[in-house]
Amino acid sequence: MVLPYIDAIQQLVDSLAARIQRSVAVDDQRGGLVVSSRHFGDEDQLRIDVVLSRRLPARVAEYLNGFGIAAAEEPLSIPGSPSLGLKARRCYPIRDHGRLLGYLWLIDDGAERFDEVVGECVVQLSERLRERSLQVAGEERRRRALVAGLLRGGEGSARAADDLVGQGLVGAEDRIVVVAADATTDPVAVATSVAQATDRRGRDEPGVRAFATVLGDRGVVLVSGRDELASAAASLAEEVRQDVVGRDTEGRGTFLGLSDTGRLEQAPDLLRQAVLAAFAAAELPELAPVLSWRDTGVYGPLMLAATASPDLVVPPEIVGLSSGGRTDSLAHTAEVFLDAAGDTATASEQLMIHRTTLYYRLAQVENKTGWDLKNGRDRLTLHLGLKMQRLLGSGIPALLRGEEERRGSS
């Protein structure tokens with residue numbers, strides 16, 4: 001009978017440990033524990049912690065990677081570090097035709113004496129870890145398909161939700177947040193960054209899970225959990241953004257939107273929030289590059305209004321304020337003034353003009369529109385109209401139409 005790959009790996013490791021009378025551990029290429037043998041009194045605090053948490057702490061991973069283990073073709077000896085709770089150990093890279101699959105570890109200051117027998121085991125582990133890699137990749141594809149089905153809506157969404165809960169990927173009582181990248185960001189880069197970020201953060205936030213998928217041309221992440229979920233999702237999104245920006249040799253911006261917190265059955269609507277927040281972040285420079293739906297401010301309701309009324313237009317009184325450049329138009333002056341809640345000192349400082357010049361421009365605004373800036377209703381009409389003009393002048397309406405067409409055909 002052929003053993004499942006994980007049982008075969010455990011059997012190989014236990015056999016080697018019994019033969020050399022030393023504890024043996026095997027990690028995957030990202031530092032997650034695959035299997036470990038029983039201990040022979042040679043364990044250190046790090047080994048105990050890793051067995052319990054199933055992953056390396058970030059500072060230990062940084063220490064070990066500093067010795068070049070990811071590029072090593074031959075075994076390496078790693079000196080101990082008392083401050084990290086780490087004894088000296090020997091690292092045996094496990095590769096398949098040059099591709100790194102993982103590492104075998106022995107805790108011993110003179111483990112070189114075991115190189116020959118360990119080398120024989122590494123050859124056998126290579127085949128087993130290759131099988132594991134293929135199965136893990138298959139499981140990842142199935143997870144991505146489930147998350148995509150959940151987010152698309154329609155009849156398949158409820159089935160996907162049941163499957164995610166039934167497979168233990170999402171708790172029945174969990175809440176969710178959807179994170180969406182803008183359409184110009186490589187979805188594969190988003191998925192890779194999510195995997196690395198969750199590896200680094202897994203021990204610190206064991207109750208939060210993140211699953212990346214691709215919808216259309218954008219990377220999307222489903223974050224699930226219970227406690228402090230919104231802050232965990234925001235922190236993950238910022239970590240992913242910084243990682244993707246660091247990989248982008250073309251220097252393009254990366255923008256991510258986060259939905260409100262909701263339930264599994266609300267996933268399609270939460271996706272819409274996240275997509276619109278990401279697009280607002282990319283199109284409207286005054287907003288943050290990682291933007292939550294609740295922080296879209298007035299643009300959130302305006303985007304929804306534009307969806308409900310595709311023929312929405314800016315009042316003609318406001319259109320006439322926009323002649324000239326973006327930064328010296330009357331529209332810009334009025335918008336900065338109203339954003340500052342009518343504080344002329346703040347507005348003139350932000351516009352870098354004298355306050356007398358500001359008063360003159362505001363008088364021109366009143367003359368052109370026929371509205372009184374001392375009247376609260378007129379100020380609200382002008383402020384909303386200016387924001388609508390900014391919105392309709394961006395690429396957001398085209399996005400809204402595309403998203404609605406996709407939702408209607410799903």
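This report covers the internal cavities, two residues with positive phi, and the cysteines of a predicted model.

## Cavities

The structure contains 2 cavities of 30 Å³ or more. The largest has a volume of about 100 Å³, and the second largest has a volume of about 40 Å³.

## Largest cavity

Ten positions make up the wall of the largest cavity: Ala25, Asp27, Leu33, Leu46, Arg47, Val50, Leu56, Leu64, Arg89 and Trp105. Two or more of these residues come from each of β1 (24-28) and α2 (45-53). The largest share belongs to α2, with 3 residues.

By class, this lining has 7 nonpolar and 3 charged residues, with no polar ones. Asp27, Arg47 and Arg89 are in the lining and belong to the charged class.

## Second largest cavity

The cavity of about 40 Å³ is lined by Val179, Val190, Val194, Val221, Leu236, Ala237, Val240 and Leu256. At least two lining residues are supplied by each of α6 (187-201) and α7 (229-247). The most come from α7, which gives 3 residues.

The lining of the second largest cavity has 8 nonpolar residues, no polar residues and no charged residues. The largest cavity, in contrast, has 3 charged residues in its lining.

## Positive phi outside glycine

His97 has a phi near 50°, a positive value in a residue other than glycine. His97 sits in the loop that links β4 (89-96) to β5 (99-107). The relative accessible area of His97 is 82%, so this residue is classed as exposed, the cut-off being over 50%.

Met352 is not a glycine either, and its phi is positive at about 60°. The position of Met352 is in the loop between α12 (344-351) and α13 (355-369). With a relative accessible area of 74%, Met352 is also exposed.

## Cysteines and disulfides

What number of disulfides does a search of the whole structure find? The search finds 0 disulfides; a pair of cysteine sulfur atoms would have to lie within 2.5 Å to be counted.

Two cysteines can be described by their accessibility. Cys91 has a relative accessible area of 0% and is buried. Cys121, at 5% relative accessibility, counts as buried as well, because the class takes in values under 20%. Cys91 lies within the range of β4 (89-96), the strand that comes before the loop holding His97. Along that stretch, Cys91 is buried, whereas His97 in the loop is exposed.

Terms used
Residues are numbered from 1 along each chain as its sequence is written. This is a predicted model: local features need pLDDT of at least 70, side-chain atom pairs count only at pLDDT 80 or more; totals for chains, interfaces and linings use all residues. Side-chain values use heavy atoms; hydrogens and water are left out. Helices (H or I, at least four residues) and strands (E, at least two) are DSSP runs, numbered from the N terminus. Buried means under 20% relative accessible area, exposed over 50%, partly exposed in between (1.4 Å probe, protein chains only). On a 1 Å grid over the protein atoms alone, a cavity is a set of points where a 1.4 Å probe fits but cannot get out, and a pocket is an open set with protein on both sides within 12 Å along at least five of seven lines; lining residues have an atom within 4 Å of a point. Grid points are joined across faces, edges and corners, and a volume is the space filled by probe spheres set on the points.
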